[in-house]
Amino acid sequence: MSVETLTFRPFARLLTMLGDQLIKNERIALVELIRNAYDADADHVEIRFENFDKEMKATHLSHIVVRDDGTGMMAETLRNEWMRSATPCKFLAKKDDRGRTQHKNRVIQGEKGIGRFAVLKLGRKITITSRPAHSNVECVLTWDFSKYDDDFVSRDDQQTDIFLDDINVTLVQSHPELLQGDEHGTIIEIHMLNGTWGKPLIERLWSDISNLTDPVSRITRHKASSQMDVDVLCNGKRPAGLDANSTEKLKALIEDKAVLRIQGYFDCECSVFSYESESRVAAEKVALKDPKITGLWVWRNRFGRRAKSGEEQLQMSFGCGDFAFHFYIFDFARGKNGKYALTQADRKRIKSHRIYLYRDGVRVYPYGDPDDDWLAIDVTRGIGRAGNFFSNDQVIGWIDISQEKNPLLRDKTNREGLIESDGGAPDLIFLIQVFLSYLKQYPFARYVHARLQRSKATLVQEDMIASALNEFRNDLTAAGQKSYANVARKIEKDYKHERQHLLERAETTEDLAGVGLSVEMASHDIMLLLNRGLNIAGELARLARGTAKDNIAQLADRLTGVLAQVVEGMKDVQVLFKSSRRRRRIVEIEPCLLKVYHLYKRLLDAKTIRYETITKGRSHLVAKTTDGVVLQVLINLFDNAVYWLDTVSSARREILVTIDSDRGELIFSDSGPGVDSEDVPYIFDAFYSGKGQEGRGLGLYIARQLLERHDYHIRLGQDKEQILNGANFIVAFTTNTR
């Protein structure tokens with residue numbers, strides 16, 4: 001038996017895997033060199049494209065120069081760190097809490113020790129000239145791989161085994177030549193270029209550079225230690241197509257045209273989003289256990305309907321850690337005028353940005369590129385409901401993470417995003433999706449609703465169409481166009497008739513929508529009774545084939561009783577139909593309340609919701625209306641209360657109805673979370689729902705419409721009017737209460 005000790009001896013073709021094949025494109029390779037300059041505490045980096053043609057196509061004389069004014073490298077550093085791949089010096093510095101640069105205290109970006117091979121994506125001959133500060137020695141390192149083929153498997157047309165340690169690199173130390181006086185830093189010259197160059201690639205590179213560092217400091221004009229100026233010169237000049245003021249234009253667009261400007265923070269330990277917006281004076285908080293979060297489609301798609309709140313709350317943990325966020329949301333609705341209207345140039349600029357990710361102020365690539373859907377918004381819009389999310393080109397934003405607070409969010413070796421295997425990255429993506437969906441369903445929905453209401457109010461209140469027709473007719477008359485004026489008069493008359501017809505149809509639609517919700521509740525019990533009746537009838541038919549006459553009689557009696565209950569249930573439903581609603585009479589409110597309570601009793605018991613009624617006054621509370629109106633109003637109040645009470649602990653679930661005949665009021669109170677202050681102005685508007693995706697937005701609207709037809713009113717109780725801590729709705733059955 002022989003024992004042999006072996007060591008790794010990689011072939012030279014490993015260089016192509018670490019450089020040309022690992023790095024996606026030339027832009028990423030150049031950005032990697034810029035990141036190295038950032039770690040070297042550079043204030044300025046200059047990228048020069050020399051001897052390119054007018055279209056920025058490369059010629060045999062073309063070369064690229066990357067120059068920075070960083071700390072520079074001594075011969076020892078080049079020898080022991082630059083020339084040793086996967087050097088752990090930066091990685092160990094981070095683990096020992098020394099992961100910051102010496103002079104500017106920047107958080108070090110690199111850690112894998114292979115970023116230097118990005119130059120192999122760019123060219124075959126590389127010269128690195130470096131001089132440390134306060135040194136009179138200049139080091140020149142030359143990589144000349146021109147005699148090898150692209151895969152490092154042959155040399156000078158002779159195929160042979162080429163190992164990595166066969167590759168020779170020269171290091172020369174001399175007095176300064178390229179760097180004069182007190183200058184220090186590093187110059188990387190790349191010749192024998194790879195890739196296909198051109199103006200579009202240069203423009204994309206400029207966009208990458210513009211978004212390299214955290215835009216917070218750039219947009220707010222605060223110079224930060226993380227900032228580093230990068231310039232691009234093509235044949236000695238800045239290309240005319242590059243927009244030097246792109247940051248200022250982006251800032252103006254955000255300040256003038258974003259309908260929502262949100263900035264905040266996610267506390268991973270507390271599972272709470274805290275955020276500020278211009279529409280709120282104080283900061284807002286929304287916890288992951290909030291029903292407005294747990295009711296979102298994206299949440300239910302991951303956790304199902306298990307986690308509501310209270311003792312049913314899932315034990316959730318997220319591995320991504322805390323993060324800050326900034327979101328700027330635009331309204332792309334067509335035909336929109338006013339402050340937030342967007343020009344074609346505005347739309348193009350917005351669509352050129354996405355949601356970026358920054359770690360310690362430096363961008364994580366490729367997140368934020370226009371063609372990169374790292375948050376899977378397009379996919380999620382496709383498999384869920386598109387209305388749950390903003391479109392990808394509707395939001396500009398950025399997420400701020402750090403190496404300290406987000407240790408599981410680490411770059412892939414190829415710099416193409418975050419490593420996804422450990423759960424940190426998927427958790428981050430999920431939480432961003434959740435918050436964006438929340439913004440779409442609530443703050444943005446309120447903005448859209450208010451915009452539409454303002455538009456409708458202007459149209460209706462000013463009767464703009466009738467006014468325009470009348471003005472048009474008068475102009476025709478004044479111009480002596482009598483025949484045309486008569487035509488205009490007829491159009492105006494027909495318009496008013498059609499408007500009245502549409503208003504009547506709208507009332508009918510509201511009636512039918514109310515009936516639908518009522519039948520939904522009533523039909524549950526009716527179907528149980530019908531199924532029991534069918535079972536009894538089946539048993540009766542079976543026994544009829546025998547001789548047990550006494551049993552047949554008993555079953556027949558039971559079937560009669562069941563069907564009688566069905567009939568009574570249908571009577572309660574029928575009073576909700578339009579034909580019954582038209583016949584007004586004096587209706588006692590308490591018997592109607594009792595009927596609706598019995599409709600919901602099984603559901604209230606199942607959800608452990610306590611129910612109580614308190615009566616006040618010297619007589620019964622009555623109203624001149626129809627049973628259907630009263631029942632519909634009460635059904636909507638019960639339906640809302642049950643939904644919101646299901647989001648709180650069962651120990652707190654309570655409904656209290658106070659009937660005060662002296663004041664002519666019914667106060668419907670629950671102990672749920674109450675109505676969000678942001679929702680208060682809109683809760684009685686059509687198609688607006690505080691329930692987000694689970695709400696129809698019609699219940700309270702229909703209740704108010706039905707009551708106001710009979711000169712009654714419903715409103716939300718405030719402050720001292722509240723009986724329980726949740727929602728308190730006051731239904732006034734007196735014509736002078738508003």
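## Strand 3 and its neighbours

Let's start inside a sheet: Ile-128 of strand 3 has Leu-141 of strand 4 as its bridge partner. Strands here, like helices, are DSSP runs numbered from the N terminus, with at least two residues (E) for a strand and at least four (H or I) for a helix. Two strands are said to pair if DSSP finds at least two bridges between them. Strand 3 and strand 4 (residues 138-144) run antiparallel and are joined by six bridges. The two strands form a hairpin with six residues between them, and His-134 in the turn has a positive phi of about 60°.

On to another partner: strand 3 is joined by eight bridges to strand 8 (residues 185-193), again in an antiparallel arrangement. Here Arg-131 has Gly-185 in strand 8 as its bridge partner. Strand 3 (residues 123-131) is mostly covered, with eight of its nine residues buried. Buried means under 20% relative accessible area, exposed means over 50%, and partly exposed lies in between (1.4 Å probe, protein chains only).

## About the model

This is a predicted model, in which local features need pLDDT of at least 70 and side-chain atom pairs count only at pLDDT 80 or more, while totals for chains, interfaces and linings use all residues. Residues are numbered from 1 along each chain as its sequence is written, and side-chain values use heavy atoms, with hydrogens and water left out.

The protein has 20 helices and 23 strands. Of its 738 residues, 49% count as buried. Among contacts (heavy atoms within 4.5 Å) with a separation of 6 or more, residues 24 or more positions apart account for 73%.

## The seven-stranded sheet

Strands 3, 4 and 8 belong to an open sheet of seven strands with the order 7-4-3-8-2-1-9 and mixed pairing. Its edge strands are strand 7 (170-174) and strand 9 (229-234), each pairing on one side only. On average, neighbouring strands of this sheet are turned by 15° against each other, direction ignored. Angles run from 0 to 180 degrees between N-to-C directions, and axes are lines fitted to C-alpha atoms, for helices over the stretch in contact.

Strand 1 and strand 9 pair in the parallel sense over six bridges. One of the partnerships links Glu-46 with Asp-231 in strand 9. Arg-48 also lies in strand 1 (residues 44-50). Arg-48 is partly exposed, with a relative accessible area of 22%. Leaving aside neighbours within four places in sequence, Arg-48 is in contact with His-63, Ile-64, Val-65, Arg-67 and Leu-233. The C-alpha atoms of Arg-48 and Val-66 are separated by 6.5 Å, although these residues are 18 residues apart along the chain.

## Helix 7 against helix 10

Helix 7 (residues 246-257) has 12 residues and reaches 16 Å from its first C-alpha to its last. That is close to the expected 16 Å, the expected span being 1.5 Å times one less than the number of residues. Ser-246, Leu-250, Lys-251, Leu-253, Ile-254 and Lys-257 are buried in this helix.

Helix 7 packs with helix 10 (residues 344-351) at an angle of about 110°, their axes 11 Å apart. The two helices are therefore roughly perpendicular to each other, a label used for angles of 65 to 115 degrees; under 35 counts as roughly parallel, over 145 as roughly antiparallel and the rest as oblique. From helix 7, Ser-246, Lys-249, Leu-250, Leu-253 and Lys-257 meet Asp-346, Arg-349 and Ile-350 in helix 10. The residues of this contact divide into three nonpolar, one polar and four charged. In this grouping Ala, Val, Leu, Ile, Met, Phe, Trp, Tyr, Cys and Pro are nonpolar, Asp, Glu, Lys and Arg are charged, and the others, Gly among them, are polar.

## The five-stranded sheet and its helices

Another open sheet has five strands in the order 18-20-21-23-22, with mixed pairing. Strand 18 (610-616) and strand 22 (713-716) stand at the edges with a single partner strand each, so one side of each is left without a neighbour in the sheet. Within this sheet, strand 20 (residues 654-660) and strand 21 (residues 665-670) run antiparallel and are joined by six bridges. Ile-655 has Asp-670 in strand 21 as its bridge partner.

Helix 18 (residues 589-606) lies across strand 18, strand 20 and strand 21, running at about 170° to strand 18. Helix 19 (residues 627-645) also packs on the sheet, touching strand 18, strand 20, strand 21, strand 22 and strand 23 (728-732). The direction of helix 19 makes about 20° with that of strand 21.
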